[in-house]
Amino acid sequence: MHKKKGLSTHHWYIARFIMTGAMAQRRVKAAVIGAGMSGLVAARELRREGHHVVVFEKGNEVGGTWVYDPRIESDPSGLDPAREVIHSSMYKSLRVNLPRPIMGFSDYPFDAKPGVGDDPRPFPGHEAVLRFLQGFAADSGVVELVRFGHEVVRIERAVEGRNDEWVVEWRTRDGEASAEVFEAVVVCNGKFTEPRLAEFPGRTTWRGEQIHSHNYRVPKPYKDKIVVIIGNGPSGIDIAKDVLLAAKEVHLASRETTTFKIHGGLFQHSPIDHAEEDGKIVFQDGSSIYVDAIIHCSGYKYHFPFLKTNEIVNVDDNCVAPLYQHVFPPALAPWLSFIAIPYRTITFLLSELQSRWVAKILSGKIQLPSKEDMTSSVQEYYQRIEAVGWPKRHTHRLQLEKFDYENWLVGELGLPPLEKWRQNMYFTSFDLLTTFDENGRDTWDVEKWMKGEEGGGGGSDNINYTLEC
Ligand SMILES: Cc1cc2nc3c(=O)[nH]c(=O)nc-3n(C[C@H](O)[C@H](O)[C@H](O)COP(=O)(O)OP(=O)(O)OC[C@H]3O[C@@H](n4cnc5c(N)ncnc54)[C@H](O)[C@@H]3O)c2cc1C
């Protein structure tokens, strides 16, 4: 059954052009998919621009990936399409990997708050981020825009060829299906839920336990076991440290070597060459070992099971294409947009900038190039990626241009360039993570660093965000 709630689309067409001072401002009816960090800030920015916003959230609370769920999926490797999907990939011991000054919004910093249950450390546990996001949702009023327990199951143009009428169909917990038409859809469904598994000969017949990091929660199940961890990104290294608290040995298999500052029981290897049925794992350097469990920290896939665009937008080899500036499919712009597709950046900053850009494009304050020019820009970007030898799956990885993208957004928004200290802080944090320094999060005096007393901070007058406009 399809039914409409709130103002009809017809009324929104009438109300669309409203005069604000001398500028004609378009106000649209927008659906935001997801009430994680990105959906919350997107909703705030859209509403600030005067748009009418509804946020659809399949869970019962805001926070997305920061809502820790102790359950693991029925298929811990995440391959079974019929499994019940648990959204969050959070593990119990997780502490943030970027310090507080770069995990917050321009006018709503992630400050340590005195009070019961707060975690005042510069790199707090995941619970503090959830509390921060809950506070942001409440204080900004965005929580009132969220329809909880509404899983979006279909997003499709109401009429083929007409881009500003989108049917958003959802299912509630009790199975009720409903739909409503929106002019704009902003997709903020997260990118760390659909696992990507590492493949190697013998994987499917190997007798040991295999899970994806999405389903890793606590080290206890690995007590006295020999564990291989695939991947040495932030999750691989962090989970290796955690598993080592219980396991007999942890073997990290990856393409690149990591600088270890610790540790008995931890070994580094080249990638897995093949697995044998008796439990042996053979690495590409010829070494081998009998292993009890493999944890795949091999990343995630972009996944939009609800999106029907008639093949206009596709995910191929983990590239969401075509997207102008990682946000708008040229043929559907500005009515369909994606927030937080890029990675290897300051995630909160990215989502806030992209959201503000989308909101202002929808209101008509910022103009997009023509469809043809956007398409050419996308093609040029792909050619640059290819020229530097990056595989397609790295299309949305941002370190290629070291904050050029974020500064481009800032320029579009007419804001001053980002302060250098943010960039420095991000890269310092990233090094900290990937060097396996067990105590790095506690030994780095972030406050001193911010004052420039500890090598590279931007100076205290630079501490305030400059995204205000
Ligand atoms: C293990 C881990 C550690 C991380 N650590 C850090 C860190 O230290 N610092 C940092 O800045 N970032 C970190 N990140 C990145 C983190 O993902 C971002 O900070 C941010 O939370 C992403 O927010 P999001 O809103 O884009 O996605 P999510 O938080 O994933 O939110 C997406 C929301 O969409 C909802 N949703 C999905 N599909 C549907 C649907 N069909 N219908 C309705 N609702 C739907 C989900 O329920 C969810 O609430 C980490 C990520 C992971 C996985």
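How many residues surround the ligand, and which are the closest? In this predicted model, the count is 31, and the closest are Ser-38, Glu-57, His-87, Asn-97 and Thr-347.

**View 1. Backbone atoms facing the ligand.** Here's a look at where main-chain atoms of Asn-97, Met-37 and Val-152 meet the ligand. A backbone N or O atom of Asn-97 sits 2.6 Å from a ligand oxygen atom. For Met-37, a backbone N or O atom lies 3.1 Å from an oxygen atom of the ligand. Val-152 pairs up with a nitrogen atom of the ligand instead, with a backbone N or O atom 2.9 Å away.

**View 2. Helix α2 against helix α3.** Zoom in on α2 (residues 37-48) and α3 (residues 126-139), whose axes come within 11 Å and cross at roughly 20°. With that angle, α2 runs roughly parallel to α3. The crossing is left-handed. On the α2 side, Met-37, Leu-40, Val-41 and Arg-44 make the contact, and α3 answers with Leu-133, Phe-136 and Ala-137. Sort those residues by class and you get six nonpolar, one charged and no polar.

**View 3. Helix α2 against helix α5.** Now for α5 (residues 347-363): its axis and that of α2 come within 8 Å, crossing at roughly 35°. This time α2 passes in a right-handed crossing. From α2, the contact takes in Met-37, Ser-38, Val-41, Ala-42, Arg-44, Glu-45, Leu-46 and Arg-48. From α5 come Thr-347, Phe-348, Ser-351, Glu-352, Ser-355, Arg-356, Ala-359 and Leu-362. The mix here is seven nonpolar, four polar and five charged residues. Ser-38 and Thr-347, both part of this contact, are also among the residues closest to the ligand.

Definitions and conventions:
Residues are numbered from 1 along each chain as its sequence is written. This is a predicted model: local features need pLDDT of at least 70, side-chain atom pairs count only at pLDDT 80 or more; totals for chains, interfaces and linings use all residues. Side-chain values use heavy atoms; hydrogens and water are left out. Axes are lines fitted to C-alpha atoms, for helices over the stretch in contact, and angles run from 0 to 180 degrees between N-to-C directions. Helices (H or I, at least four residues) and strands (E, at least two) are DSSP runs, numbered from the N terminus. Angles under 35 degrees count as roughly parallel, over 145 as roughly antiparallel, 65 to 115 as roughly perpendicular and the rest as oblique. A crossing is left-handed if the near helix is turned anticlockwise from the far one by less than a right angle, and right-handed if clockwise. Contact means heavy atoms within 4.5 Å. Ala, Val, Leu, Ile, Met, Phe, Trp, Tyr, Cys and Pro count as nonpolar, Asp, Glu, Lys and Arg as charged, and the others, Gly among them, as polar. A residue is near a molecule or strand if one of its heavy atoms lies within 4 Å of it. A polar contact is a pair of N or O atoms within 3.5 Å; within protein, one must be able to donate a hydrogen and the other to accept it, and residues adjacent in sequence count only if both atoms are side-chain atoms.
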